[in-house]
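Here is a short briefing to read alongside the coordinates. It covers the enclosed cavities and a sheet with its helices.

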Amino acid sequence: FGILAMSTNKGGGEKTNKGGGGGKKKKEVKKETKLGMAYKKDDNFGEWYSEVVVNSEMIEYYDISGCYILRPWAMEIWELLKEFFDAEIKKLKLKPYYFPLFVTENVLQKEKDHIEGFAPEVAWVTKSGKSDLEAPIAIRPTSETVMYPYFSKWIRSHRDLPLKCNQWCNVVRWEFSNPTPFIRSREFLWQEGHTVFATKEEADEEVLQILELYRRIYEEFLAVPVSKGRKSEMEKFAGGLYTTSVEAFIPNTGRGIQGATSHCLGQNFAKMFDITFENEKGERSMVWQNSWAYTTRSIGVMVMTHGDDKGLVLPPKVAPIQVIVIPVPFKDADTTAIKGACESAVYTLNQAGIRADLDARENYSPGWKYSQWEMKGVPLRIEIGPKDLANKQVRIVRRDNGAKVDIPSTDLVEQVRVLLDGIQANLLETAKAKRDACIVIISTWDEFIAALNDKKLILAPWCDEEEVEKDVKARTKGELGAAKTLCTPFDQPDLPSGTVCFASGKPAQKWSFWGRSY
């Protein structure tokens, strides 16, 4: 087979050797690239990840550090997630809005804790052409301060509540080290929901409704296992009352990664922005608020979780193409008939609502095409050659485990559906088993350090004191980054009385996940 050889150079460009030819060079290329990948996931995770996202044509590097071009292969995944989430929040009566990208300095600084939390990341516009602006204007790092002055204007009475607003947009957060495509970028896409209620009970209920939708995005669509929980006071959203999150874990790097957050903001922003309403008794009351978001980071978490040494592995629910059909004409074969069978298979699958496509390019060998579509992570490959034509069958190859099966053409739709469901379930199961194998329950500081150095996801009894968390951060600082709480899972194991905190020796209040994180 022709081998797809790609390697990513430091500048982020792409070098492609589209070798369909044979000879001595073929062997050399194959040895070097392992079907298109210069790096292995277990040997050099960082380089492997960069290579996968470029070679699968998800992103292209841009000339401003930390900014990336999202290509159709990434944007179509984002659109599939958006389609699901948007429909679900509309059931909850969320309305679409779009607020401006810019915010003035005095408004941004109204909520002190909030701006302190974001200050290092805020990008400022200071010039218009060659002249300086009268006052610098910030580009939104998030939109609380952009929206809330207007919530104050729009909300007068209990009849104006609840107010439920969502926008799909970009945000900019400038200051950081180690930019990583999807995971840490200076500009990213997200949805941000902002809701206003008359009571805390309504706000509390919605926080968890949204968190469940985020769990579904990760587990049901991206096939990534997550833990639902509450953030510590130190890790919660700046200016909020409490933060809940879904947390994923990347076994290869031993790092947790925040998947999405749903915050109850309490009444803090209502105080700052004077958002009050007249209740049914005719008294002025302060509102309760939530904000919640998930971002294109979700795509990166999926790549890290499922990708392998051949490239991307896509869960069928988010694969832009779920089935790629490839004609395999041998010498003297009836190419017209083979192509016709391929076109017919694609048509049948598309009619059944399955995202299928035909790779009819004649300037590439079937082997080269196999490699390329494996690199792009397409869940199923259908091969049709002369033998398949004669036997009225197709050969189907799974991307997740490489299993091959011949099925009658008449059973195509039914069998493809079964296989796609099987791949979706298998990816989640496999990822969950790998994640669970990394969870270590500890009770002492020494056990904690050993587990941390062993790249584990640590479940530890904790006294829930901010000073103790600060101390753990300080004591674990190093090249790999400090350890911190990831979340306190809602699913709490039994905490026997007399259990002490692993870090302080004080009475433990709860079990929390700890580890290094992205």
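Which residues line the second largest cavity? In this predicted model, the lining consists of Ser227, Glu247, Ala248, Phe249, Gly256, Arg435, Leu457, Leu486, Cys487 and Phe513. The points below start with that cavity, then turn to the largest cavity and to the sheet.

**Second largest cavity**
- The volume of the second largest cavity is about 60 Å³.
- Strand E12 (242-250) and strand E24 (484-489) are the elements that give two or more residues to its lining.
- E12 provides the largest share of this lining, with three residues.
- By class, the lining of the second largest cavity holds six nonpolar, two polar and two charged residues.
- Domain 1 (45-306) and domain 3 (438-516) each contribute at least three residues to the lining of this cavity.

**Largest cavity**
- The count is two cavities of 30 Å³ or more, and the largest cavity has a volume of about 80 Å³.
- Its lining is made up of Lys41, Pro225, Phe249, Pro251, Asn252, Met304, Thr305, Ala431, Lys434 and Arg435.
- If you are thinking about polarity, five of these lining residues are nonpolar, two are polar and three are charged.
- Helix H9 (297-306) and H13 each supply at least two residues of the lining of the largest cavity, and H13 gives the most, with three residues.
- Phe249 and Arg435 are listed in the lining of the largest cavity, and Phe249 and Arg435 also appear in that of the second largest cavity.

**The five-stranded sheet**
- Five strands form an open sheet in the order E18-E17-E19-E20-E21, and the pairing is mixed.
- Strand E18 (356-358) and strand E21 (404-408) are the edge strands; each has a single partner strand, so one side of each is left without a neighbour in the sheet.
- From one strand to the next, the twist averages 25°.
- Strand E19 (residues 380-384) pairs with strand E20 (residues 393-398) in the antiparallel sense, over four bridges.
- Within E20, arginine 395 is the bridge partner of glutamate 383.

**Helices on the sheet**
- Helix H13 (residues 412-437) packs on the sheet and touches E17, E19, E20 and E21.
- The direction of H13 makes about 5° with that of E20.
- Helix H11 (residues 366-375) lies across strand E17 (323-327) and E19, and runs at about 170° to E17.
- H13 thus links two of our topics: H13 packs on the sheet, and H13 also gives three residues to the lining of the largest cavity.

Definitions and conventions
Residues numbered from 1 in each chain as written. Predicted model: local features only at pLDDT ≥ 70, side-chain atom pairs only at ≥ 80, totals over all residues. Heavy atoms only, no water. Pairing = 2+ DSSP bridges. Axes fitted to C-alpha atoms, helices over the stretch in contact; angles between N-to-C directions. Contact = heavy atoms within 4.5 Å. 1 Å grid on protein atoms, 1.4 Å probe; cavity = no way out; pocket = protein on both sides within 12 Å on 5 of 7 lines; lining within 4 Å. Points joined across faces, edges and corners; volume = space filled by probe spheres on them. Nonpolar A, V, L, I, M, F, W, Y, C, P; charged D, E, K, R; others polar. Domains from an automatic or database assignment.
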